[in-house]
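Could you walk me through this protein in a viewer, stop by stop? I would like to know what to select next and what I will find there.

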Amino acid sequence: DEIDAVVEEGIDAYTIDGEFPKKLIAGVEIKDCGYFCEFMDYEDLSKGNKRVNEQMKPLLQKYGYKGFISSEIRTTKDGKNYAIDPCCRLGSPPSELYQELYSNLGDIIDLGSQGRMVDPESKGKFGLEVIIHSFWYIESHQAVYFPEKYRDNIKLRYPLKIDGTYYCLNLFGLPEIGAIVVHGDSFEECKKQMLEIADTIEGHGIDIKLDSIDQAFEEFNKMKKLK
């Protein structure tokens, strides 16, 4: 049945046998378009987020799960929380954002695989990601042009670099060729960076989902009001 939710909240983190790091990101996604999140203390999560985590903990312990996990929780006006998808993988978003937001991502993965919890070290308080689409990429390889100084912020799918030009290899017939990721100490700072970088990207059929920026921020504020 349809769930009449106020917002779809969730965490994006990792777990070692059901235990979560002391800090993580919680955010909202505009499906296949954009994502905005805040780096926060675990204790500052909403009740719904913590409730779902606690209910998943025994199962994660049982299977000895060590890896990344994202939750999708539809929260209603009466305070009920419906967990609709425990994403036990590096989702997109925000896996592209992890690469720039976390300065110790290598240690998180390396030591985490050995069963050792490493708390993340973040370069910013907030993170913003916008997905890059192209109708051309659905059936063909895609050439993408942008200044090399933004390479770390532009995460491409299945890229090759030939004679100075990046090409995304078409492997699955999907429109998403990659994402732009930024981080900062405020939404305004993130948005400014995002628009500057997006304005430099060129390629046939490219559509950068910039409309999702304000939508994600609006949904994020709804999540922040939850206790």
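Here is a short tour, from the whole chain to single residues.

**Start with everything on screen**

Keep in mind that this is a predicted model. Show the chain as a cartoon, and you will meet five helices and 13 strands. The C-alpha trace spans about 50 × 40 × 35 Å along its principal axes. For 227 residues, a compact globule would have a radius of gyration near 17 Å, and the value of 18 Å found here agrees with that.

Now switch on the surface. The accessible area comes to about 11800 Å², and carbon and sulfur atoms own 49% of it. Of the 227 residues, 47% are buried. Among contacts with a separation of 6 or more, 66% join residues 24 or more positions apart.

**Look inside: the nonpolar cores**

Hide the surface and select Ile 132, Val 144, Ile 154, Ile 180, Ile 201 and Ile 208. In the largest nonpolar core, which has 45 residues, these touch the most other members. Then colour residues 187–198: this is helix α4, which gives the most to this core, with five residues.

Zoom in on Ile 132. Beyond its close sequence neighbours (up to four places away), Ile 132 touches a list of residues including Ile 154, Pro 175, Ile 177, Ile 180, Ile 201 and Ile 208. Glu 176 and Asp 207 are also among its contacts.

Which residues should you pick to find the other core? Try Phe 39, Phe 68, Leu 97 and Tyr 98, which are among the 15 residues of a core that lies apart from the one you just visited.

**Follow the strands**

Select residues 159–162 and 165–168. These are β10 and β11, which pair in the antiparallel sense over four bridges. Ile 162 stands opposite Thr 165 in β11. The hairpin has two residues between its strands, and Asp 163 takes a positive phi near 50° there.

Next add residues 142–144, strand β8. This strand also pairs with β11 in the antiparallel sense, over three bridges. To see a facing pair, label Gln 142 and Cys 168, which stand opposite each other.

**Stop at Ser 71**

Move to strand β5, residues 66–76, and pick out Ser 71. Is Ser 71 buried or exposed? Ser 71 has a relative accessible area of 10%, so it counts as buried. Show its side chain: one of its polar atoms lies 3.0 Å from the backbone nitrogen of Ile 11. Setting aside residues up to four places away in sequence, Ser 71 touches Glu 9, Gly 10, Ile 11, Asn 49 and Asp 85.

**Visit Gln 99**

Go on to helix α2, residues 95–101, where you will find Gln 99. With a relative accessibility of 42%, Gln 99 counts as partly exposed. Outside its neighbours within four places in sequence, Gln 99 is in contact with Leu 105 and Lys 155. For a distance to try, pick the C-alpha atoms of Gln 99 and Pro 86: they are 13 residues apart along the chain and separated by 21 Å.

**Finish at Lys 227**

Select Lys 227, in the segment after α5 (212–224). Lys 227 counts as exposed, at 73% relative accessibility. Leaving out neighbours within four places in sequence, Lys 227 is in contact with Ser 46 and Lys 47. As a last pick, take Lys 227 and Val 130, which are 97 residues apart in sequence and 27 Å apart from C-alpha to C-alpha.

How values were computed: Residues are numbered from 1 along each chain as its sequence is written. This is a predicted model: local features need pLDDT of at least 70, side-chain atom pairs count only at pLDDT 80 or more; totals for chains, interfaces and linings use all residues. Side-chain values use heavy atoms; hydrogens and water are left out. A nonpolar core is a set of buried Ala, Val, Leu, Ile, Met, Phe, Trp, Tyr and Cys residues joined through side-chain atoms within 4.5 Å. Buried means under 20% relative accessible area, exposed over 50%, partly exposed in between (1.4 Å probe, protein chains only). Contact means heavy atoms within 4.5 Å. A polar contact is a pair of N or O atoms within 3.5 Å; within protein, one must be able to donate a hydrogen and the other to accept it, and residues adjacent in sequence count only if both atoms are side-chain atoms. The radius of gyration is taken over C-alpha atoms; the globule rule is 2.2 Å times the number of residues to the power 0.38. Accessible areas come from the Shrake-Rupley method with a 1.4 Å probe; for residues, only the protein chains shown count as cover. Two strands pair if DSSP finds at least two bridges between them.
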